[in-house]
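Ready for some practice in reading a protein structure? Take a look at the model below, then work through the exercises one step at a time.

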Amino acid sequence: MRNSTVAASATAGTLAAPAVLAQSPVTIKMQTSWPASDIWMDFARQYVERVQRMSGNRIKIDLLPAGAVVGAFQVLDGVNDGVLDAAHTVPVYWYGKHKAASLFGTGPVFGGSATTMLGWFYAGGGKEFYRELTQDILGLNVYGFYGFPMPAQPFGWFKQPVSTVQDIQGFKYRTVGLAADLMQKMGMSVAQLPGGEIVPAMERGVIDAFEFNNPSSDLRFGSADVAKNYMLSSYHQASESFEFLFNKDFFDGLPDDLQAILEYGVESASTANTAAALDNYSKDLQTLQTEHGVTVHRTSKEILDAQLKAWDELIPVLEEDEYMKRVLDSQRAWVDRVVFYELMNSPDLALAYEHYFPGKLKI
């Protein structure tokens with residue numbers, strides 16, 4: 001009897017195994033808004049690797065660079081229409097649909113860092129505001145998750161150093177989203193270009209100065225070939241995170257556990273992205289200086305102060321829109337409470353750095 005039971009069990013196991021092995025992985029077509037060579041493609045790969053491993057390879061993500069299916073600025077439309085299952089992007093790239101998109105990453109800086117504002121998204125009501133904008137106001141067939149609180153973006157690349165507001169009058173400048181409105185208030189004209197088009201535009205004289213996001217992307221783009229003055233520190237885009245978009249119908253059709261892996265995989269990749277960014281951005285900033293002859297400056301207090309005053313002019317105009325007023329009120333209340341704690345609690349890191357590495361900081 002025992003032998004027949006074992007044999008029956010073995011036979012059942014043999015018959016059951018092919019059914020399990022025959023299950024095909026769910027393939028997700030995900031396009032980014034980044035050129036194939038950009039470091040942000042590396043960051044997207046960190047997400048892909050984690051999702052595939054956590055799912056036991058039940059999910060396979062076909063990761064594509066900007067332009068593979070749709071343009072860098074068209075990924076939201078691609079996901080909404082079902083041409084793409086998912087996208088790795090930033091919300092400012094669909095700012096043309098509604099200026100409120102920029103409030104989820106590149107809006108007014110009330111004093112919160114990107115980490116502060118990612119906290120607002122997940123714990124301060126931002127996620128529900130995002131759902132209201134995408135699904136109720138715009139009627140989009142998408143879900144979005146946020147991860148990787150980015151270091152504040154540099155003011156950018158200039159052929160000559162700039163230190164006063166007068167120095168930048170009339171400049172043709174590349175940025176995106178509400179930062180375009182901000183820079184226009186400060187006397188510049190703005191071209192909103194995808195990352196891969198920036199350096200060619202500078203070479204042709206279409207723009208005089210530009211920003212993208214970080215030293216690693218700027219190094220890979222060849223920014224140092226067209227300008228040698230790199231201005232760090234700015235209030236124009238100081239609180240951005242990646243947006244992980246999914247077609248709503250596609251996502252809803254997945255098993256609950258795979259939905260959870262896709263959603264919470266964003267949090268896992270966010271930590272990995274942060275570590276990779278700190279490592280690469282700092283090394284590549286050194287490379288720009290030592291190997292490419294770039295002079296690094298900290299943006300002057302005059303320009304930073306002018307940026308805040310320009311935000312002061314823009315905010316009342318934005319608040320004429322009832323929805324945007326509610327979002328900005330929510331963000332102000334969050335920053336008022338949270339940043340008081342952050343600033344009161346944070347030691348003076350510059351003082352500690354100067355103590356152990358004297359003479360390096362010039363701020």
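**Exercise 1.** Find the residue that forms a salt bridge with Arg 174, and say which parts of the chain the pair links.

*Solution.* Keep in mind that this is a predicted model.
Step 1: Look for a carboxyl oxygen within 4 Å of a side-chain nitrogen. For Arg 174 the partner is Glu 211, with the closest N and O atoms 3.3 Å apart.
Step 2: Place both residues. Arg 174 sits in strand E6 (residues 172-174), while Glu 211 belongs to the loop between strand E8 (209-210) and H8. The two are 37 residues apart, so to speak of distant parts of the chain being linked is fair, by the definition of the elements as numbered runs.
Step 3: Check the surroundings. Both Arg 174 and Glu 211 are buried, and buried stands for a relative accessible area under 20%.

**Exercise 2.** Work out the strand order of the open sheet that contains E6, and name its edge strands.

*Solution.* Step 1: Recall that strands of a sheet pair through backbone hydrogen bonds, in a parallel or an antiparallel way.
Step 2: Read across the six strands. Their order is E7-E6-E8-E5-E9-E11, and the pairing is mixed.
Step 3: Look for strands that pair on one side only. These edge strands are E7 (189-191) and E11.
Step 4: Zoom in on one pair. E6 and E7 run in the parallel sense, joined over three bridges, and Arg 174 stands opposite Ala 191 in E7.

**Exercise 3.** Compare the salt bridges of Arg 220 and Arg 131: what is the partner and the N to O distance in each?

*Solution.* Step 1: Remember that side chains of opposite charge can pair when their charged atoms come close.
Step 2: Arg 220 meets Asp 42 at 3.2 Å, N to O. Because Arg 220 lies in helix H8 (residues 215-221) and Asp 42 in helix H2 (residues 39-54), this pair ties together parts that are 178 residues apart in sequence.
Step 3: Arg 131 meets Asp 136 at 2.8 Å, N to O.
Step 4: Add the accessibility. Arg 220 is partly exposed at 38%, and Asp 42 is partly exposed at 29%. Asp 136, at 48%, is partly exposed, and so is Arg 131, at 28%.
Step 5: Widen the view. The count comes to 18 salt bridges, and Glu 319, Lys 325, Asp 329 and Arg 332 are linked in a network of them.

**Exercise 4.** Describe the largest pocket and the setting of Arg 298.

*Solution.* Step 1: Start with the volume, which is about 2200 Å³. Of the 41 lining residues, the closest to the centre are Leu 232, Ser 233, Arg 298, Leu 361 and Ile 363.
Step 2: Ask which elements contribute. Helices H10 (256-292), H12 (322-345) and H13 (349-356) and strand E11 (295-298) each supply at least two lining residues; H10 gives the most, with seven.
Step 3: Sort the lining by character: 22 residues are nonpolar, 14 polar and five charged.
Step 4: Focus on Arg 298, in strand E11. Arg 298 is partly exposed, at 47%. Beyond its neighbours within four places in sequence, Arg 298 is in contact with Met 231, Leu 232, Ser 233, Lys 362 and Ile 363.
Step 5: Compare sequence with space. Arg 298 and Met 231 are 67 residues apart in sequence, yet their C-alpha atoms are 5.5 Å apart.

Note on methods:
Residues are numbered from 1 along each chain as its sequence is written. This is a predicted model: local features need pLDDT of at least 70, side-chain atom pairs count only at pLDDT 80 or more; totals for chains, interfaces and linings use all residues. Side-chain values use heavy atoms; hydrogens and water are left out. On a 1 Å grid over the protein atoms alone, a cavity is a set of points where a 1.4 Å probe fits but cannot get out, and a pocket is an open set with protein on both sides within 12 Å along at least five of seven lines; lining residues have an atom within 4 Å of a point. Grid points are joined across faces, edges and corners, and a volume is the space filled by probe spheres set on the points. Helices (H or I, at least four residues) and strands (E, at least two) are DSSP runs, numbered from the N terminus. Ala, Val, Leu, Ile, Met, Phe, Trp, Tyr, Cys and Pro count as nonpolar, Asp, Glu, Lys and Arg as charged, and the others, Gly among them, as polar. Buried means under 20% relative accessible area, exposed over 50%, partly exposed in between (1.4 Å probe, protein chains only). Two strands pair if DSSP finds at least two bridges between them. Contact means heavy atoms within 4.5 Å.
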